[in-house]
Amino acid sequence: MIVKNDKDLTAEVIAAMEKTSDPRLREIMVALARHLHAFVREVRLTEDEFRAATALLVRIGQQTTDSHNEMVLMAGSLGVSQLVCLLNNTSEAAPETTQNLLGPFWRMHTPRMQNGDSIVRSPTPGDALFVTARVEDRQGKPIAGAEVDIWHSSPEGLYENEDPKQVSMNLRGQFVTDAAGRFWLRSVKPAGYSVPNKGVVGDLLRAQGRHPFRPAHMHALIAKPGYKTLVSQVYDSGDPRIESDVQFGVTKAVIGRYTRHEEPHPTAPDAGAPWYTLDYTFVMDSGESRLPRPPIK
Ligand SMILES: [Fe+2]
């Protein structure tokens, strides 16, 4: 085709996208062309800005390695990851979900533990945390026999795979829910942490005067045949950054109360004071039990 003007160009591009044979891909590509062209028009993108934007996308790719994904970090920092999560797991009838972001640190083959076990595998200074949790369906019926992967950062805000002081699989464990849908464990209280901010995402945050931190949280991945795999994070209501997560991950349903105790622990005298408890209920939807691709090995 010979392009006559900018309006004509957009129509031609959309017509080209409409040739996509797969119907879902066609729907996505047509909408992408329409919105992308509208976006360029709205901001009247200059030639310099266009070159800078393409260079930026190249840099995001170059900054992505086996152990770091700058693209996923950018998607989170723009709120797109959370938007996809909310659109796919909430409805008008069920406006809340305990589904949340997977994050970059889930590992497969987490060691199987017994309920009540500690997931502290190497000396990890910090306040003891006792977690009691339930897994239920939308009707409040307990889900027994669900496999629950738990992982979280240390009290210094580091995951074991980014901290030479921790042994492999420290602060990670897999539990199975009992007949009442419960699981429980001991750990140390996690801390919030900064996302990597030396790349393109860091530049974005600095340009906006945004801090790079996530509030403290515990991750969970819960699987049981017949239920959509639940990927969750339970955030500390007392974290000073609970309302300003750089990844926009905090919704009301995933705020947990990490309760501080000053008295001696009734059954674990080695816990010392203070120690914390977290009691939380995860809610699963029926659906396909499918594991995500592990972001790291
Ligand atoms: Fe995390």
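This report describes the sheets, the nonpolar cores, the iron site and some unusual backbone geometry of one structure. The model is predicted.

## The five-stranded sheet

One open sheet contains five strands in the order 3-2-7-8-9, and its pairing is mixed. Strand 3 and strand 9 (255–256) form the edges; each has a single partner strand, so one side of each is left without a neighbour in the sheet.

Within this sheet, strand 2 and strand 3 run antiparallel and are joined by five bridges. An example of residues facing one another across this pair is V148, which stands opposite F175 in strand 3.

## The four-stranded sheet

A further open sheet has four strands in the order 4-1-11-10, again with mixed pairing. Here the edges are strand 4 and strand 10 (258–261), each with a single partner strand, so one side of each is left without a neighbour in the sheet. From one strand to the next, the twist averages 20°.

The mixed pairing can be followed strand by strand. Strand 1 runs antiparallel to strand 4, with seven bridges between them, and L129 stands opposite S187 in strand 4. Strand 1 also runs parallel to strand 11, to which nine bridges join it; T132 has D279 in strand 11 as its bridge partner. Finally, strand 10 and strand 11 are antiparallel and share four bridges, and the bridge partner of H261 in strand 11 is W275.

## The nonpolar cores

The largest nonpolar core comprises 28 residues, and I150, F183, I222 and F282 are those with the most contacts inside it. Two or more residues of this core come from each of strand 1 (128–137), strand 2 (147–152), strand 4 (182–188), strand 7 (217–223), strand 8 (230–236) and strand 11 (275–284). Strand 11 gives the largest share, namely five residues. Apart from this core lies another one, of nine residues, among them W106, W151, V231 and I296.

What surrounds F183 once its neighbours within four places in sequence are left aside? F183 is then in contact with N115, V131, T132, A133, V135, V148, I150, F175, V176, T177 and F282. Two of the residues in this list, I150 and F282, are also among those with the most contacts inside the largest core. The list further includes V148 and F175, which stand opposite each other on strand 2 and strand 3.

## The iron site

Which protein atoms are the donors of the iron ion? They are the OH atoms of Y159 and Y193 and the NE2 atoms of H217 and H219, lying 1.9 to 2.1 Å from the ion. In sequence, these donor residues follow the spacing Y-x33-Y-x23-H-x1-H. Y159 belongs to the loop between strand 2 and strand 3 (172–176), whereas Y193 belongs to strand 5 (residues 193–194), so the pair ties together parts that are 34 residues apart in sequence.

The angles among the four donor atoms range from 90 to 165°, and the site is irregular. For comparison, the ideal angle for four tetrahedral donors is 109.5 degrees. A site with four donors counts as tetrahedral if all its angles lie between 85 and 135 degrees; the upper value of 165° found here lies outside that range, so the tetrahedral label does not apply.

Are the two tyrosine donors, Y159 and Y193, buried or exposed? The cut-off for a buried residue is a relative accessible area under 20%. Y159 has a relative accessible area of 1% and is therefore buried. Y193, at 10% relative accessibility, also counts as buried.

## Unusual backbone geometry

Most residues other than glycine have a negative phi, and most peptide bonds are trans. Some places in this model depart from that pattern. The peptide bond joining A273 and P274 is cis, with omega at about 0°; P274 lies in the loop between strand 10 and strand 11.

H109, which is not a glycine, has a positive phi of about 60°. H109 is located in the loop between helix 5 (80–89) and strand 1. L171 likewise has a positive phi, near 60°, and is a residue other than glycine; its place is the loop between strand 2 and strand 3. The surroundings of these residues can be contrasted: H109 is exposed, with a relative accessible area of 69%, whereas L171 is buried, with a relative accessible area of 0%.

Terms used
Residues are numbered from 1 along each chain as its sequence is written. This is a predicted model: local features need pLDDT of at least 70, side-chain atom pairs count only at pLDDT 80 or more; totals for chains, interfaces and linings use all residues. Side-chain values use heavy atoms; hydrogens and water are left out. A nonpolar core is a set of buried Ala, Val, Leu, Ile, Met, Phe, Trp, Tyr and Cys residues joined through side-chain atoms within 4.5 Å. Buried means under 20% relative accessible area, exposed over 50%, partly exposed in between (1.4 Å probe, protein chains only). Contact means heavy atoms within 4.5 Å. Donors are N, O and S atoms within 2.8 Å of the metal (3.2 Å for Na, K and Ca); water is not among the atoms, so sites may look incomplete. Four donors count as tetrahedral if all angles lie between 85 and 135 degrees; four count as square planar and six as octahedral if opposite donors are over 155 degrees apart and all others between 65 and 115; anything else is irregular. Two strands pair if DSSP finds at least two bridges between them. Axes are lines fitted to C-alpha atoms, for helices over the stretch in contact, and angles run from 0 to 180 degrees between N-to-C directions.
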